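The following exercises introduce a protein structure to a reader who has not met it before. Each task is followed by a solution in steps.

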Amino acid sequence: MEFLEKEQIKRDPHDTMQYRLWLVPNYSEKESAIIIKVHHCMADGLGFAAFMLALSDSYEVENLPHLKPLSPFRQALVYIAQPFMFLP
């Protein structure tokens with residue numbers, strides 16, 4: 001627990017990877033654990049939920065959270081911004 005408290009307040013430099021993984025092989029008698037620290041810009045949304053479900057034995061599309069549909073205004077914004085989203 002002390003490790004997690006220290007790691008939680010530690011700021012990672014922006015020029016390093018924004019995620020870290022630790023494996024705890026003998027977390028309990030029959031289980032291991034993975035500790036994941038991810039910057040919020042990489043872990044927000046359904047991608048991280050899908051990643052976590054993929055690590056577990058219960059990955060099914062139905063387990064993903066449902067998204068509400070975009071309003072027509074937001075759909076228009078996405079349509080307009082889409083050509084600029086992946087420019088180098």
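**Exercise 1.** Which residues are linked in a network of salt bridges?

*Solution.* The model is a predicted one.
Step 1. Establish the total: the structure holds 3 salt bridges.
Step 2. Take the pair lysine 10 and glutamate 7. Their side chains meet in a salt bridge, with 3.2 Å from N to O.
Step 3. Take lysine 37. This residue also forms a salt bridge with glutamate 7, and here the closest N and O atoms are 3.3 Å apart. The pair links distant parts of the chain, since lysine 37 belongs to strand β2 (residues 33-38) while glutamate 7 belongs to helix α1, 30 residues apart.
Step 4. Join the two pairs. Glu7, Lys10 and Lys37 make up the network.

**Exercise 2.** Determine whether glutamate 7 and lysine 10 are buried, partly exposed or exposed.

*Solution.*
Step 1. Recall the cut-offs: a residue is buried under 20% relative accessible area and exposed over 50%, with partly exposed in between.
Step 2. Glutamate 7 has 9% relative accessibility and therefore counts as buried.
Step 3. Lysine 10 has 46% relative accessibility, so this residue counts as partly exposed.
Step 4. Set the chain beside these two residues: of its 88 residues, 9% count as buried.

**Exercise 3.** Describe the salt bridge between lysine 6 and glutamate 2, and state where the two residues lie.

*Solution.*
Step 1. In this salt bridge the closest N and O atoms are 3.2 Å apart.
Step 2. Both lysine 6 and glutamate 2 are part of helix α1 (residues 2-9). They are 4 residues apart, which corresponds to about one turn of the helix.
Step 3. Lysine 6 and glutamate 2 are both exposed.

**Exercise 4.** How many helices and strands does the chain have, and what pattern does the chain follow?

*Solution.*
Step 1. The secondary structure comprises 4 helices and 2 strands.
Step 2. Along the sequence, these elements give the pattern α-β-β-α-α-α.

**Exercise 5.** Identify the residues of the nonpolar patch on the surface, and the elements that each supply at least two of them.

*Solution.*
Step 1. The patch is formed by Met17, Tyr19, Leu21, Leu23, Ile34, Phe51, Met52 and Leu55. Together they have about 800 Å² of accessible area.
Step 2. At least two residues of the patch come from β1 (19-24), and at least two from α3 (46-55).
Step 3. Consider leucine 55, which is placed in helix α3. Its relative accessibility is 46%, so leucine 55 counts as partly exposed.
Step 4. Consider phenylalanine 48, also found in helix α3. With 24% relative accessibility, phenylalanine 48 counts as partly exposed. Its C-alpha atom is separated by 9.6 Å from that of valine 38, 10 residues apart along the chain.

**Exercise 6.** What residues line the largest pocket, and how do they divide by type?

*Solution.*
Step 1. The largest pocket contains about 210 Å³ of space.
Step 2. Its lining consists of Gln8, Lys10, Arg11, Asp12, His14, Gln18, Tyr19, Lys37, Val38 and His39.
Step 3. Sorted by type, the lining has 2 nonpolar, 4 polar and 4 charged residues.
Step 4. Compare with the earlier exercises. Lys10 and Lys37 belong to the network of salt bridges, and both are among the lining residues. Tyr19 belongs to the nonpolar patch and also lines the pocket.

Terms used:
Residues numbered from 1 in each chain as written. Predicted model: local features only at pLDDT ≥ 70, side-chain atom pairs only at ≥ 80, totals over all residues. Heavy atoms only, no water. Salt bridge = Lys/Arg side-chain N within 4 Å of Asp/Glu carboxyl O. Buried < 20%, exposed > 50% of the residue type's maximum accessible area, 1.4 Å probe, protein only. Patch = residues over 30% accessible without salt bridge, like charges linked within 9 Å, V, L, I, M, F, W, Y side chains within 5 Å. Areas by Shrake-Rupley, 256 points an atom, 1.4 Å probe, with all protein chains shown as cover. 1 Å grid on protein atoms, 1.4 Å probe; cavity = no way out; pocket = protein on both sides within 12 Å on 5 of 7 lines; lining within 4 Å. Points joined across faces, edges and corners; volume = space filled by probe spheres on them. Nonpolar A, V, L, I, M, F, W, Y, C, P; charged D, E, K, R; others polar.
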